[in-house]
Amino acid sequence: RLFLWRNEPTVTIGRHQNPWKECNLQKLEENKVTLFRRYSGGGAVLQDLGCTTFTFLNVDADFSIDRNFDIVTGALKNSFGFNAEKSGRNDIQIDGKKISGSAFKYGEGVSLHHGTVLVDANMAALGQYLTPHKKKLQSKGVASVAARVTTLKTLSPEVDHDAVCLALAQRFCEIYGADPATPVTVLD
């Protein structure tokens, strides 16, 4: 299964992260930004209406992180011509800039892979709310969170949430051999 959505501004932290080290809690409270801890690992992320979130949910026998990444990178390549590539264990980059991060959770019989696609995310808010350790930034060779990421809209102004969702759904159907005319339920 593939789930796609977006939400009001929320900082989501990984299961083992310390919010006092990863976030500017005072700014979150001042601006009424929700703080949420997910069950999976991964880093802190700002989700807003400019951020498309995806979840792949599969029975263990059919779970493949590589296939999931192929769906996301393939959708971005096929529909928009982006040179999207998996980077490291859980990121997707275009031309050296991160546009997506993922996290994983392995359960009993069912596993999930979820992540974000920065379509038109508020980059100023990203730098304002997330405060990763300086050593993490240094290891990436950048001065700030915003310096190592970009949005799809910056790369191609016509890209929006709906177009990204359609591209992901089409690629998902292509990979799994499903009829692309299969009804899709949109929850907004």
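Reader: Let's start at the surface. Which residues form a nonpolar patch there?

Author: Phe3, Trp5, Leu57, Val59 and Val110 do, and together they have about 390 Å² of accessible area. Keep in mind that we're reading a predicted model.

Reader: Which strands each supply at least two residues of that patch?

Author: Look at β1, residues 2-5, and β5, residues 51-59. Trp5, for instance, lies in strand β1.

Reader: Is Trp5 buried, exposed or partly exposed, and what is its relative accessible area?

Author: The general idea is to compare with two cut-offs: buried means under 20% relative accessible area, and exposed means over 50%. Trp5 has 31%, so this residue is partly exposed.

Reader: OK, let me zoom out. How many helices and strands does the protein have?

Author: Seven helices and nine strands. Of the 188 residues, 43% are buried. As for the outside, the accessible surface comes to about 10,400 Å², and carbon and sulfur atoms account for 52% of that.

Reader: What share of the contacts joins residues at least 24 apart?

Author: Take the contacts between residues at least 6 apart in sequence: 69% of them join residues at least 24 apart.

Reader: Now the sheets. How do strands of a sheet pair?

Author: Through backbone hydrogen bonds, and the pairing can be parallel or antiparallel. For a case here, take the open sheet of three strands, in the order β3-β2-β4, where the pairing is mixed.

Reader: Which are the edge strands?

Author: β3 and β4, since each pairs on one side only. As for twist, neighbouring strands of this sheet are turned by 30 degrees against each other on average, ignoring direction.

Reader: How many bridges join β2 to β3, and do the two run parallel or antiparallel?

Author: There are four bridges between β2 and strand β3 (residues 34-37), and these two run parallel. On the other side, three bridges join β2 to strand β4 (residues 45-47), and that pair runs antiparallel.

Reader: What stands opposite Thr10 in β3, and what in β4?

Author: In β3 the residue opposite Thr10 is Thr34, and in β4 Gln47 stands opposite Thr10.

Reader: And which residues of β2 point one way, and which the other way?

Author: In strand β2 (residues 10-13), Thr10 and Thr12 point one way, while Val11 and Ile13 point the other way. Are the four buried or exposed? All are buried.

Reader: On to charges. How many salt bridges does the structure hold?

Author: Six. To read one, check whether a side-chain nitrogen of Lys or Arg comes within 4 Å of a carboxyl oxygen of Asp or Glu. Then ask where the partners sit. Glu30 and Lys27 form one of these bridges, with the closest N and O atoms 3.9 Å apart. Both lie in helix α2 (residues 25-30), three residues apart, which is about one turn of the helix.

Reader: How accessible are Glu30 and Lys27?

Author: Glu30 counts as partly exposed because its relative accessibility is 45%. Lys27 is at 28%, so Lys27 counts as partly exposed too.

Reader: Which salt bridge does Lys86 form?

Author: Lys86 forms a salt bridge with Asp66, and here the closest N and O atoms are 4.0 Å apart. This pair links distant parts of the chain: Lys86 is in strand β6 (residues 84-87) and Asp66 in helix α3 (residues 65-80), 20 residues apart. Lys86, at 39% relative accessibility, counts as partly exposed, whereas Asp66, at 56%, counts as exposed.

Reader: What about Asp70 and Arg171?

Author: Their side chains meet in a salt bridge, 2.9 Å from N to O. Asp70 lies in helix α3 and Arg171 in helix α7 (residues 161-176), so this pair ties together parts that are 101 residues apart in sequence.

Reader: Are those two buried or partly exposed?

Author: One of each. Asp70 has a relative accessible area of 30%, so Asp70 is partly exposed. Arg171 is buried, because its relative accessible area is 12%.

Reader: Which residues are linked with them in a network of salt bridges?

Author: Glu174 joins in: Asp70, Arg171 and Glu174 are linked in a network of salt bridges.

Terms used
Residues numbered from 1 in each chain as written. Predicted model: local features only at pLDDT ≥ 70, side-chain atom pairs only at ≥ 80, totals over all residues. Heavy atoms only, no water. Patch = residues over 30% accessible without salt bridge, like charges linked within 9 Å, V, L, I, M, F, W, Y side chains within 5 Å. Areas by Shrake-Rupley, 256 points an atom, 1.4 Å probe, with all protein chains shown as cover. Buried < 20%, exposed > 50% of the residue type's maximum accessible area, 1.4 Å probe, protein only. Pairing = 2+ DSSP bridges. Axes fitted to C-alpha atoms, helices over the stretch in contact; angles between N-to-C directions. Contact = heavy atoms within 4.5 Å.
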